[in-house]
Amino acid sequence: AWNSGAVSISSSNVSGCSAWAGGVVYAFYSESLSIAGIAFIDNRADRSGSVLYLSRSAYPNEATTPSSISNASFIANGGITIQTVNSPIVWDCRLGS
């Protein structure tokens, strides 16, 4: 999602995705991202963010609505799983397994 509105992903299993950055989601200058009830399994990225790459603003002091991740699991994803740039995330899930 490039310069998009809010993005939401829920109640799914996502596996085997790959990309240069953000193997599953590449959100650049986008509004908030909401993820709930997702299992991310065996995803890859050549650069970083095998599951998520989030970049919200070129201005670090600009007010942004935090993205949220709840009830999600991250299993066997390669390298750095989540890469953020000026993108706060509110977590409500267990890490790893």
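**An all-strand chain: group meeting talk**

Buried residues account for 34% of the chain's 97 residues. Keep in mind that this is a predicted model.

Start with the whole chain. There are 10 strands and zero helices. Read from the N terminus, the elements go β-β-β-β-β-β-β-β-β-β. Accessible surface: about 5300 Å², with 49% of that on carbon and sulfur atoms. Now the contacts. Take those between residues at least 6 apart in sequence; 75% of them join residues at least 24 apart.

Next, a sheet. Which strands form it, and in what order? Three strands, ordered β3-β6-β9, make an open sheet with parallel pairing. The edges are β3, residues 25–28, and β9, residues 82–85. Each has a single partner strand, so one side of each lacks a neighbour in the sheet. On average, neighbouring strands here are turned by 5° against each other, ignoring direction.

Look at β6 and β9. Strand β6 covers residues 52–55. Four bridges connect β6 to β9, and the two run parallel. Take one residue: Tyr53 has Gln83 in β9 as its bridge partner.

Last stop, Ser67. This residue sits in strand β7, residues 67–70. Is Ser67 buried or exposed? Its relative accessibility is 2%, and buried means under 20%, so Ser67 counts as buried. What is Ser67 in contact with, leaving aside neighbours within four places in sequence? The list is Ser32, Leu33, Leu54, Arg56, Pro88, Ile89 and Val90. One of these, Leu54, falls within β6, residues 52–55.

Conventions. Residues are numbered from 1 along each chain as its sequence is written. This is a predicted model: local features need pLDDT of at least 70, side-chain atom pairs count only at pLDDT 80 or more; totals for chains, interfaces and linings use all residues. Side-chain values use heavy atoms; hydrogens and water are left out. Buried means under 20% relative accessible area, exposed over 50%, partly exposed in between (1.4 Å probe, protein chains only). Contact means heavy atoms within 4.5 Å. Two strands pair if DSSP finds at least two bridges between them. Axes are lines fitted to C-alpha atoms, for helices over the stretch in contact, and angles run from 0 to 180 degrees between N-to-C directions. Accessible areas come from the Shrake-Rupley method with a 1.4 Å probe; for residues, only the protein chains shown count as cover.
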